[in-house]
Amino acid sequence: MFDLNLLVRKNIKHLSPYSTARDDFKGAAEVFLDANENSNPSAYNRYPDPHQAKLKGTIASLKSILPDQIVLGNGSDEIIDLLIRAFCEPGVDNVIIPQPTYGMYRVWAQVNSVEAREPNLTDEFALDIQKVMLAIDHNSKLLFLCSPNNPSGNLLHKDSIESLLQSFSGIVVVDEAYIDFCPSPSLTELLDQYPNLIILQTLSKAWGLAGIRLGIGIASKQIVAILSKIKAPYNISAATQEIALQYLAQNNIRNQVSTITAERRKLEEALSRLSIVQQVFSSQANFLLVRFTDAKKCYSYLLERKIIVRDRSSLVHCNNCLRITIGTVGENQKLLNALKTYEESTIY
Ligand SMILES: *Cc1c(COP(=O)(O)O)cnc(C)c1O
């Protein structure tokens, strides 16, 4: 039922990608006069490896996959755009985005003139398979699932994701930006079973490298080949490749992750005790979705105290909800102090 050849846009299928002279030469060259660089030596006078071979090798062994199952992006945001451009004919095709979720899927769809169909998750932020299936038609090319989901923090049930992988003939994108905060394994273990699965991960969250912009797409080598063909040749800078390699080799995020998740538990408990808080949604990520009695007022109060959180109250099922990132111990304490003062001011 799934046929990648039928799914990819015709213009992309027949596209021959930009090639560099360095693709023609496999050994170690001595003189590089092919790319109009400034040959005077400096740290960054040369173009970076467009195939990011070394970095992909390191990521592959870390995640027990093959290097040719990896496409790298300038953040996972770039990979979302690549997916839409590779598979969706503007003005014709559509993508399915169960709501509420991360806002960039819709933005990239709109940028590319692709219709976003947005069936709701359940009010507990679980997949409603029937609603998703009803939204799908023969022009539906991509289904975006975010797990753990932003802004709600919950994992989507693996059974539900698998059931959609089986019944949807397009590509299922599972965005695992927050998977490193969560004890459940990545769905990369399903890649051998489902040729229509792509997993997105990022160094922006648990790895603490939002500033270098590195997103990771993991899929079949056929899907990866299509995305690699349309990406900008030098989309990952030399600096980013170096820094990513250095951090991935150290591979020591575990301490920070356990501190953050312990803080999340503390904050969850402390917030639940406040009278201005109606509900704290249980989270597997580095943030909490919190329902307040009056989110807008609370948000403005925190802003005045120079504490910025994310107002998510206009999203479906997120009435009066703010999304709060787990900060350092000190930052979390400042937040709690501010909320306690605010609570007192609402009582008297
Ligand atoms: C933060 C976030 C990303 C991050 O994207 P990058 O471009 O890699 O920084 C992707 N997906 C979700 C759901 C996020 O919350």
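**View 1. Cysteines without disulfides.** The structure, a predicted model, holds zero disulfides. A disulfide is a covalent bond between the sulfur atoms of two cysteines. The following two views each take up one cysteine that is in no such bond.

**View 2. Surroundings of Cys 88.** Cys 88 takes part in no disulfide. For Cys 88, the nearest cysteine sulfur belongs to Cys 146 and lies 18 Å away. Is Cys 88 buried or exposed? Its relative accessibility is 2%, so Cys 88 counts as buried, the cut-off for this class being under 20%.

**View 3. Surroundings of Cys 318.** Cys 318 is likewise in no disulfide. Its nearest cysteine sulfur is that of Cys 321, at 5.1 Å. Because a disulfide requires sulfur atoms within 2.5 Å, the distance of 5.1 Å between the sulfurs of Cys 318 and Cys 321 does not meet the criterion. Cys 318 has a relative accessible area of 0% and is therefore buried.

**View 4. Packing of helix 3 against helix 9.** Helix 3 comprises residues 53-63 and helix 9 residues 238-250. The two helices pack at an angle of about 25 degrees, and their axes are 10 Å apart. Angles under 35 degrees count as roughly parallel, and helix 3 and helix 9 are therefore roughly parallel to each other. Their crossing is left-handed.

**View 5. Residues in the contact of helix 3 with helix 9.** Which residues make the contact? Helix 3 contributes Lys 54, Leu 55, Thr 58, Ile 59 and Leu 62, while helix 9 contributes Gln 241, Ala 244, Leu 245 and Leu 248. By class, this contact has six nonpolar residues, two polar residues and one charged residue.

Technical notes: Residues numbered from 1 in each chain as written. Predicted model: local features only at pLDDT ≥ 70, side-chain atom pairs only at ≥ 80, totals over all residues. Heavy atoms only, no water. Axes fitted to C-alpha atoms, helices over the stretch in contact; angles between N-to-C directions. Helix = DSSP H or I, 4+ residues; strand = E, 2+ residues; numbered from the N terminus. Parallel < 35°, antiparallel > 145°, perpendicular 65-115°, else oblique. Left-handed = near helix turned anticlockwise from the far one by under 90°. Contact = heavy atoms within 4.5 Å. Nonpolar A, V, L, I, M, F, W, Y, C, P; charged D, E, K, R; others polar. Buried < 20%, exposed > 50% of the residue type's maximum accessible area, 1.4 Å probe, protein only.
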